[in-house]
Amino acid sequence: MSSISGVSGGYSYANGASGYKINSAADDAAGLAITEKENTQIKGYDQGAKNIAAGKDMLNVADGGLSNVADYLQRMRELSVQAANATVTDSDKAMMQKEVDQLKQGISDIANNTQFNTKNLLNGENASFNIATDGNGNSQQINTPNTVLSELGIEDFDLTTNNDMGALDKALEKVNSSRAEIGGQSNALEFAYNQATSSSLHQSEAYSQKKDLDIGEYVSEQKKKQTLEEYQTFMQKKKMEDEKQRTANLLNGLS
């Protein structure tokens, strides 16, 4: 029987059952080696895309925490502006400072409790993360900021003694800059994600052309094989009948 699609001996029933042209090295040794390599690359791209998606999720969590820190700082600045007014009494400032202290505690809690898969993101413990973007050794580094009070420069902020709005402005600038950096990193990961998924798609198409069985071609071949087998059976039966008839004629001639 002729070779079909590079598979010696044509398709077998095992091919039809599995849906693959190549099930073992016996089907096509070179083809098997190529498709296994392609399959490894596909799995690497697919896992890379999952890694990237997890990285983007992590950045979203960090950005959510930073957004809350920015809100707290904005409220602290409002209180600072209010306390700077000459109509405010020392007693008023003391009450405002109590809210400031609560806001500072809230920022501290965010910095120390914002996590992704148990990894702290905003207290400096994990300043950078390496994201494996495919199975070929490529990676992308993302960074997360440190927003503990001392890093923001507001650990000792007290509007009753030193109402330093400049310190709050610097803290806000740092948080906003960190959010901008996270946005840029997220966009870079989105590009890497699209690259990984596109590469996986194109590699999968090439893999499928070599590995997957053309069902229409398989059915056609099986039909031809069935017809050939039926013809061979018919010819064998006819040959036996002809031989039987010749034998009968020979016996009749001798009688």
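Long-range contacts, core and pocket of the predicted chain

In this predicted model, residues 24 or more positions apart account for 69% of the contacts in the chain that have a separation of 6 or more. The chain holds six helices and four strands, and their order along the sequence is α-α-α-β-β-β-β-α-α-α. The four strands thus stand in the pattern between two runs of three helices. Of the 255 residues, 34% are buried. The accessible surface comes to about 15100 Å², and carbon and sulfur atoms contribute 49% of that area.

The largest nonpolar core has 36 residues, of which Leu 73, Met 76, Ile 107 and Ile 154 touch the most other members. At least two residues of this core come from each of α2 (29–83), α3 (90–113), β3 (128–132), α4 (149–152) and α5 (165–211). Helix α2 gives the most, with 12 residues. In soluble globular proteins, nonpolar side chains tend to be buried together. The surroundings of Ile 154 illustrate how the core is joined. With neighbours within four places in sequence left aside, Ile 154 is in contact with Leu 73, Met 76, Lys 104, Ile 107, Leu 149, Ala 167, Leu 168 and Ala 171. Among these contacts are Leu 73, Met 76 and Ile 107, which are named with Ile 154 as the core residues touching the most other members.

Several positions in helices α2 and α5 were examined individually. Gly 48 lies in helix α2. Its relative accessibility is 2%, so Gly 48 counts as buried, the limit being under 20%. Beyond the residues up to four places away in sequence, Gly 48 touches Ala 132, Thr 133 and Asp 134. The first of these, Ala 132, falls at the end of the range of β3 (128–132). The C-alpha atom of Gly 48 is also separated by 7.8 Å from that of Tyr 193, a residue 145 positions away along the chain.

Ala 53 is likewise placed in helix α2. With a relative accessibility of 30%, Ala 53 counts as partly exposed, because this value lies between the limits of 20% and 50%. The C-alpha atoms of Ala 53 and Glu 190 are 8.2 Å apart in space, although 137 residues separate the two in sequence. Gln 203 belongs to helix α5 and, at 18% relative accessibility, counts as buried. Residues up to four places away not being counted, Gln 203 touches Glu 38, Gln 41 and Ile 42. These three partners have numbers within the range given for α2 (29–83).

The largest pocket encloses about 160 Å³ of space. Its lining consists of Asn 51, Ala 54, Gly 55, Met 58, Phe 116, Asn 117, Lys 119, Phe 129, Asn 130 and Ile 131. Two or more lining residues are given by α2 and by β3. The largest share, four residues, comes from α2.

One lining residue, Asn 117, sits in the loop between β1 (115–116) and β2. Asn 117 is not a glycine, yet has a positive phi of about 50°. At 64% relative accessibility, which is over 50%, Asn 117 counts as exposed. The loop between β1 and β2 also contains Thr 118. Phi of Thr 118 is near 70°, again a positive value in a residue other than glycine. Thr 118 has a relative accessibility of 65% and therefore counts as exposed.

The loop between β2 (119–120) and β3 contains Asn 123. In contrast to the exposed Asn 117, Asn 123 counts as buried, with a relative accessibility of 12%. The side chain of Asn 123 reaches the backbone nitrogen of Glu 125 at 3.1 Å. Apart from residues up to four places away in sequence, Asn 123 touches Ala 111, Asn 112, Pro 145, Asn 146 and Val 148. Of these partners, Ala 111 and Asn 112 have numbers within the range of α3 (90–113).

Terms used: Residues numbered from 1 in each chain as written. Predicted model: local features only at pLDDT ≥ 70, side-chain atom pairs only at ≥ 80, totals over all residues. Heavy atoms only, no water. Buried < 20%, exposed > 50% of the residue type's maximum accessible area, 1.4 Å probe, protein only. Contact = heavy atoms within 4.5 Å. Areas by Shrake-Rupley, 256 points an atom, 1.4 Å probe, with all protein chains shown as cover. Core = buried A, V, L, I, M, F, W, Y, C linked by side-chain atoms within 4.5 Å. Polar contact = N/O pair within 3.5 Å; in protein donor to acceptor, adjacent residues only side chain to side chain. 1 Å grid on protein atoms, 1.4 Å probe; cavity = no way out; pocket = protein on both sides within 12 Å on 5 of 7 lines; lining within 4 Å. Points joined across faces, edges and corners; volume = space filled by probe spheres on them.
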